[in-house]
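Me: I am new to this structure and would be grateful for a close look at a single part of it. Please choose one residue, describe its setting carefully, and then relate that setting to the rest of the chain.

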Amino acid sequence: MAIFFGFIGVFATVIGAADGFRLIPMLVLVLAGLAGAAYYPARHQHTLAVRLLMASSALLVIGLAGLVLVATVL
């Protein structure tokens with residue numbers, strides 16, 4: 001799921017839909033996607049895999065919450 005939202009973040013940034021205050025949550029979603037993608041090569045190293053999954057999940061929640069805040073407040 002984080003990889004999907006990371007792709008959406010890259011796509012929105014490239015086409016210019018993520019401008020102004022929306023750029024920061026989109027970049028956080030891109031980081032979540034990168035952490036999610038980094039899980040697959042590291043899944044046999046359990047400690048690193050768990051840390052990557054936790055980081056990816058946390059970044060995903062922060063990015064989505066940021067998008068909701070930007071959409072409702074600004």
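Reply: The residue chosen is F11, which is partly exposed, with a relative accessible area of 48%. On this scale, buried means under 20% relative accessible area, exposed means over 50%, and partly exposed lies in between (1.4 Å probe, protein chains only). The model is predicted, so local features need pLDDT of at least 70 and side-chain atom pairs count only at pLDDT 80 or more, whereas totals for chains, interfaces and linings use all residues. Residues are numbered from 1 along each chain as its sequence is written, and side-chain values use heavy atoms, with hydrogens and water left out.

F11 has its place in helix α1. Helices (H or I, at least four residues) and strands (E, at least two) are DSSP runs, numbered from the N terminus. The chain has 3 helices and 0 strands, and from the N terminus on its elements run α-α-α.

The aromatic ring of F11 is a good place to begin. In the whole structure, a search finds 3 aromatic pairs. The ring centres of F7 and F11 are 6.4 Å apart and the ring planes meet at 20 degrees, so this pair is stacked. Rings of Phe, Tyr and Trp (its six-membered ring) pair if their centres lie within 6.5 Å; planes under 30 degrees apart count as stacked, over 60 as edge-to-face, and the rest as tilted. Why are F7 and F11 separated by about one helical turn? The two are 4 residues apart in helix α1. F7, with a relative accessible area of 54%, is exposed, whereas F11 counts as partly exposed at 48%. Another aromatic pair, Y39 and Y40, is edge-to-face, with 5.3 Å from centre to centre and 70 degrees between the planes. Both tyrosines are partly exposed: Y39 has a relative accessibility of 22%, and Y40 has a relative accessible area of 46%.

F11 also belongs to a nonpolar surface patch of about 710 Å², which F4, F7, I8, V10, F11, V14 and I15 make together. Patches consist of residues with over 30% relative accessible area and no salt bridge; like charges are joined within 9 Å, and nonpolar side chains (Val, Leu, Ile, Met, Phe, Trp, Tyr) within 5 Å. A salt bridge is a side-chain nitrogen of Lys or Arg within 4 Å of a carboxyl oxygen of Asp or Glu. For the chain overall, about 5000 Å² is exposed, and carbon and sulfur atoms supply 77% of this area. Such areas come from the Shrake-Rupley method with a 1.4 Å probe; for residues, only the protein chains shown count as cover.

The interior may be set beside this surface. Of the 74 residues in the chain, 30% are buried. The largest nonpolar core has 7 residues, namely A2, A12, A18, M26, L29, A32 and L60. The elements giving two or more residues to this core are α1 (2-15) and α2 (23-39), and α2 gives the most, with 3 residues. A nonpolar core is a set of buried Ala, Val, Leu, Ile, Met, Phe, Trp, Tyr and Cys residues joined through side-chain atoms within 4.5 Å. In soluble globular proteins, nonpolar side chains tend to be buried together.

One core member, A2, is in contact (heavy atoms within 4.5 Å) with L29, A32, G33, S56 and L60, leaving aside its neighbours within four places in sequence. L29 is also touched by G63, as are P25 and V28, when residues up to four places away in sequence are not counted. G63 lies in helix α3 (residues 46-73) and is buried, with a relative accessible area of 0%. From G63 to I15, a member of the surface patch, the C-alpha distance is 19 Å, with their positions 48 residues apart in sequence. V61, also placed in helix α3, is exposed at 57%, and its C-alpha atom is 8.8 Å from that of L29, 32 residues away in sequence.

Finally, L74 is found in the segment after α3 and counts as exposed, at 62% relative accessibility. Beyond its neighbours within four places in sequence, L74 is in contact with F21 and L69. Its C-alpha atom is separated by 23 Å from that of A32, a residue 42 places away along the chain. Among contacts between residues at least 6 apart in sequence, 64% join residues at least 24 apart. Taken along the principal axes, the C-alpha atoms fill a box of roughly 40 × 25 × 15 Å.
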